[in-house]
Amino acid sequence: MREFGYQRAYDVSGAVALLDGDGEARFLGGGTNLVDLMKTGVERPARLVDVRELPLNRVEPAEDGGLRIGATVTNSDLAAHPEVRRRYPALAQAVLAGASGQLRNMATVGGNLLQRTRCGYFADVTSPCNKRDPGSGCPAITGEHHNHAVLGASGHCVATHPSDMGVALAALDASVSYETAAGAGELPLADFYLPVGETPHLETALPPGALITGVTLPANDTAANSRYRKVRERASYAFAIGSVAAALDVRDGHVHDVRLAFGAVASRPWRARTAESALTGGPADAEHFAAAADAELAAARPLPHNGYKVTLMRNLVVAVLSELAEETAR
Amino acid sequence: MPPSTSSDLTLSVNGEKYTLTVDHRTTLLDALRERLEMTGTKKGCDQGQCGACTILLDGRRSLACLQLAVAAEGREVTTIEGVAEGERLHPVQQAFLDLDGFQCGYCTPGQICSAIAVIEEHAAGWPSAVTGDVRPEAGPPPLTPEEIRERMSGNLCRCGAYVSIVQAVARAAEETKGAAA
Ligand SMILES: Cc1cc2nc3c(=O)[nH]c(=O)nc-3n(C[C@H](O)[C@H](O)[C@H](O)COP(=O)(O)OP(=O)(O)OC[C@H]3O[C@@H](n4cnc5c(N)ncnc54)[C@H](O)[C@@H]3O)c2cc1C
Ligand code: SF4
Ligand code: FES
Ligand code: FES
């Protein structure tokens, strides 16, 4: 590991000033991804600015009736928060489905959004990888890719974003606030992650040196009837091979409002807008749920070893929406 | 001027203060084992995947292998060496002994630290990934074997002592509840 300097920040402007837009410096949240990547040499910062002491560790009501979650709130505190569990259950479930109790106690909301892909070639510095080393190639396309993307990938990178939390945030229309030396800014989660294209090493629309200060969830009655379902290769403590976050409001047997996002299928949490349009106004039954999933997945371009994800996602959508429909009917 | 790559710091471990100079690359796990000679906390994978290095940081279970020592300054560290009260074992330790919650014992310090926190998290009403209804109105889920397995899933055991680990955690939770009532 490269030697590095360490500083602690105690307020937001101080953190931004300490980082000073230095491309060789990194903010340190819980360190559960960054320290791991520093050990393997994927990340080689010259300086760390520790943000865990920032006064951003609260979940508070937002002005419009929504919820504002500070960037240093731990994943555990987020999932245990009564308002999150009551009004946005899919978010609590998504966070609880990730990592382990120990990791969730350490991990922060800001760090979770910015965690890097689990693609094995990305983690192995002896292997080429366009994301880690632009222009070096993508061995995953012809190699091991059983858990890689089927939606929105490019010929330059087929990695997925591994966050469970982010999938629920995408479905619930969250936005991310940040701070730079020039002032505060906000990005809807839908615009937060950049399309892959020819630049898989550029992952987010955050300006250089920006500190994530929090995430805001808008008020949304449908969100109270929401759910997250994750499929993985063992029962717990594993990344998803496919997941769905959904919120559903059914009236008179028809879909009045629906939010749907997919995880582990794309370089970012995948908001399924095509499926949402197909669902809205239609009958709330398994047949229509399946047709809407198919409409979304028509854009899927699976590789030789991950075609199973298309069927998996279709079945997951039908299962999760059917459960939610049954619950609203009660 | 390049930033300093080491720091003098004070770590608070099991109620005692220790002053040492660390290279910033030192994890809390290596500081405990190599510098403070507290080898109860084990190194399994060194990358967050096994739970052998589980300690309590300000009372919350955490992985010492992904925690930089320098970032632990000002926080209270509790290791397996600090969970008993003098000669009296912690109820979780006693339950692991009574019910054979181990075979080789390598994962055990991490299992015990994790289980102590699992019992507290459950008592505080935290749901888990197998909790059917996470809404607070649903009340805390009973600590069933399924709940214990999910909550303990961050601790792997290569010997596969899981069956008795789950029994030990269940018994310790019952006793803790009884003692609090
Ligand atoms: C074994 C293992 C299993 C896991 N399983 C899952 C899983 O199933 N599902 C899942 O979703 N995740 C999983 N994770 C990943 C885990 O959720 C992330 O590592 C964690 O959320 C990252 O948060 P952190 O605070 O530790 O980030 P850090 O490691 O501290 O930082 C990550 C990145 O974010 C940057 N950063 C941190 N905070 C800020 C900020 N406020 N502003 C700007 N930049 C910031 C850092 O500079 C760094 O680049 C797993 C991790 C491990 C080790
Ligand atoms: S899929 Fe992306 S991250 Fe993985 S090897 Fe290819 S370029 Fe690198
Ligand atoms: S040694 Fe820390 S999790 Fe394995
Ligand atoms: S008792 Fe041997 S690893 Fe768990």
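**Exercise 1. Describe the shell of residues around ligand 1 by class and by origin.**

Solution. By class, 14 nonpolar, 15 polar and 3 charged residues make up the shell around ligand 1, where Ala, Val, Leu, Ile, Met, Phe, Trp, Tyr, Cys and Pro count as nonpolar, Asp, Glu, Lys and Arg as charged, and the others, Gly among them, as polar. This is a predicted model, in which local features need pLDDT of at least 70 and side-chain atom pairs count only at pLDDT 80 or more, while totals for chains, interfaces and linings use all residues. Residues are numbered from 1 along each chain as its sequence is written, chains are lettered from A and ligands numbered from 1 in the order in which they are written, and side-chain values use heavy atoms, with hydrogens and water left out.

Next, consider origin: the residues that surround ligand 1 come from chains A and B, so the site is shared between chains. Among the 32 residues around the ligand (a heavy atom within 4 Å of it), those that come nearest are A:Phe27, A:Thr32, A:Leu34, A:Thr108 and A:Asp164.

**Exercise 2. Identify polar contacts of ligand 1 and state how much of its area the protein covers.**

Solution. A polar contact here is a pair of N or O atoms within 3.5 Å. A nitrogen atom of ligand 1 lies 2.7 Å from a side-chain N or O atom of A:Asp164, and an oxygen atom of the ligand is 2.8 Å from a polar backbone atom of A:Gly29. The protein covers 96% of the 980 Å² of accessible area that ligand 1 has on its own (Shrake-Rupley method, 1.4 Å probe).

**Exercise 3. Locate the salt bridges of A:Asp36 and A:Glu43, and classify the partners as buried or partly exposed.**

Solution. A salt bridge requires a side-chain nitrogen of Lys or Arg within 4 Å of a carboxyl oxygen of Asp or Glu. A:Asp36 pairs with A:Arg118 at 3.9 Å, N to O; A:Arg118 lies in the loop between helix 7 and helix 8 (120–123) of chain A and A:Asp36 in helix 2 (34–40), so the pair ties together parts that are 82 residues apart in sequence. Buried means under 20% relative accessible area, exposed over 50%, and partly exposed in between (1.4 Å probe, protein chains only). A:Asp36, at 9%, is therefore buried, whereas A:Arg118, at 37%, is partly exposed.

For A:Glu43, the closest N and O atoms to A:Arg116 are 3.5 Å apart. A:Glu43 is buried at 10%, and A:Arg116 is buried at 15%.

Definitions and conventions
Polar contact = N/O pair within 3.5 Å; in protein donor to acceptor, adjacent residues only side chain to side chain. Helix = DSSP H or I, 4+ residues; strand = E, 2+ residues; numbered from the N terminus.
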